[in-house]
Amino acid sequence: MAALIITVVALGLAAPGLIRAQDAAAEDPLAGLGAEDVAAGKVLYEGHCAACHAPDGSGGRGASLAHPQLRRAADNRALVRVIRSGIRGTEMPATWQMSEREILRVAAYVRTLGRKRAESLPGDAARGRRLYVSNGCSGCHIVRGEGAGAGPELTDVGARRNAAYLRESLIAPDKAVPERFLLVTAATADGRRIEGVRLNEDPFTIQIRDGANRFHSLRKLELAELKRLPGRTTMPAYAHLPPADIEDLVAYLASLRGEP
Ligand code: HEC
Ligand code: HEC
């Protein structure tokens, strides 16, 4: 029960958590679906999900779904809910183009992806952890409460991203900058220039965290210039590292699957 409540809270549905958790235990929404539904689900998956989760579920921009145990979809009810409502605060969208029946079918197909084996990686995760420290990654990333946070938290990055994406993050980090880390540059009327990650924006103000981790809240009307720099990032490229180091770092990152 406790685990279910935590799942529900993590999905942002905290208030009626207990009731929902009891619901969740009640019945399996995918019971009774057959091979025909799974086949229909595969077609839906290819049209609606594969762009982010890859045709074989190995992930990319989206999380890897090729695991028997999904972090945010511990049971089939939670899985259906994630597909229907998305995951707030992440790039996982709610679906509005699919009927309830189609949602069940795509969920049934997602479960078949989990029966395949997880990726096996050539790198050495223990050595990767030492490289992570010696290359100063923790100056910008938090893992299980350690480090500083100008970049995304990496505590569960191995569950969210597949190895190919992680490798690319290190070699060419400007290739896939998450929307939440859009880099902006602002010039104030008195000639100051502030460059950093956009934390928040509304029609009148913008909040920026600069490279030195300082927080700026600016009124747009008072700015001389405001530029968005899509595809740019403060994450340095590590393409100069030996390939073996990259593989070890990838193995370490892939092993980060949440709090132990
Ligand atoms: C625009 C990209 C995008 C699309 C399209 C998308 N997803 Fe996702 N999905 C994500 C991301 C990113 C996450 C990881 C969110 C997080 O936890 O940070 C995710 C997470 C999930 C999870 C939870 C995984 C876990 O480990 O618990 C499931 C299940 C899922 N998606 C299924 C689907 C299905 C099924 C579809 C199609 C109907 C779909 N997604 C479409 C980006 C996407
Ligand atoms: C100067 C700050 C900085 C340093 C140092 C840094 N990063 Fe990053 N990192 C970022 C920022 C900002 C992002 C988000 C934008 C992007 O994807 O480029 C990011 C993104 C990432 C991502 C993708 C996360 C996701 O969910 O998409 C990974 C993986 C990553 N970094 C790993 C590392 C590793 C490993 C190192 C050390 C070898 C490192 N970073 C060093 C700032 C940094």
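This is a short dialogue on reading the iron site and one strand residue in a predicted model.

Me: Which residues coordinate the iron atom of ligand 2?

Reply: A good habit is to look for the donor atoms first. Here H141 (NE2) and M235 (SD) coordinate the iron atom of ligand 2, at 2.0 Å. The site has 6 donor atoms with angles of 87 to 178 degrees among them, and is octahedral.

Me: Where in the chain do H141 and M235 lie?

Reply: The pair links distant parts of the chain, 94 residues apart. H141 sits in the loop between α7 (125-134) and β1 (142-143), while M235 belongs to the loop between β7 (223-229) and α10 (243-254).

Me: Is H141 buried or exposed?

Reply: Buried means under 20% relative accessible area. H141 has 10%, so it counts as buried, whereas M235, at 23%, is partly exposed.

Me: What else surrounds ligand 2?

Reply: Of 26 residues around ligand 2, those that come nearest are C137, C140, H141, T233 and M235. By class, the shell has 17 nonpolar, 7 polar and 2 charged residues. Helix α9 (residues 163-171) gives the most to this shell, with 4 residues. As for polar atoms, an N or O atom in the side chain of R161 is 3.1 Å from an oxygen atom of ligand 2, and a polar backbone atom of P173 is 3.3 Å from an oxygen atom of the ligand.

Me: And away from the ligand question, which side chain does T185 join in a polar contact?

Reply: The side chains of T185 and R193 are joined by a polar contact of 2.8 Å. T185 is in strand β3 (residues 183-188), and counts as buried because its relative accessibility is 6%.

Technical notes: Residues are numbered from 1 along each chain as its sequence is written. Chains are lettered from A and ligands numbered from 1 in the order in which they are written. This is a predicted model: local features need pLDDT of at least 70, side-chain atom pairs count only at pLDDT 80 or more; totals for chains, interfaces and linings use all residues. Side-chain values use heavy atoms; hydrogens and water are left out. Helices (H or I, at least four residues) and strands (E, at least two) are DSSP runs, numbered from the N terminus. Buried means under 20% relative accessible area, exposed over 50%, partly exposed in between (1.4 Å probe, protein chains only). A polar contact is a pair of N or O atoms within 3.5 Å; within protein, one must be able to donate a hydrogen and the other to accept it, and residues adjacent in sequence count only if both atoms are side-chain atoms. Donors are N, O and S atoms within 2.8 Å of the metal (3.2 Å for Na, K and Ca); water is not among the atoms, so sites may look incomplete. Four donors count as tetrahedral if all angles lie between 85 and 135 degrees; four count as square planar and six as octahedral if opposite donors are over 155 degrees apart and all others between 65 and 115; anything else is irregular. A residue is near a molecule or strand if one of its heavy atoms lies within 4 Å of it. Ala, Val, Leu, Ile, Met, Phe, Trp, Tyr, Cys and Pro count as nonpolar, Asp, Glu, Lys and Arg as charged, and the others, Gly among them, as polar.
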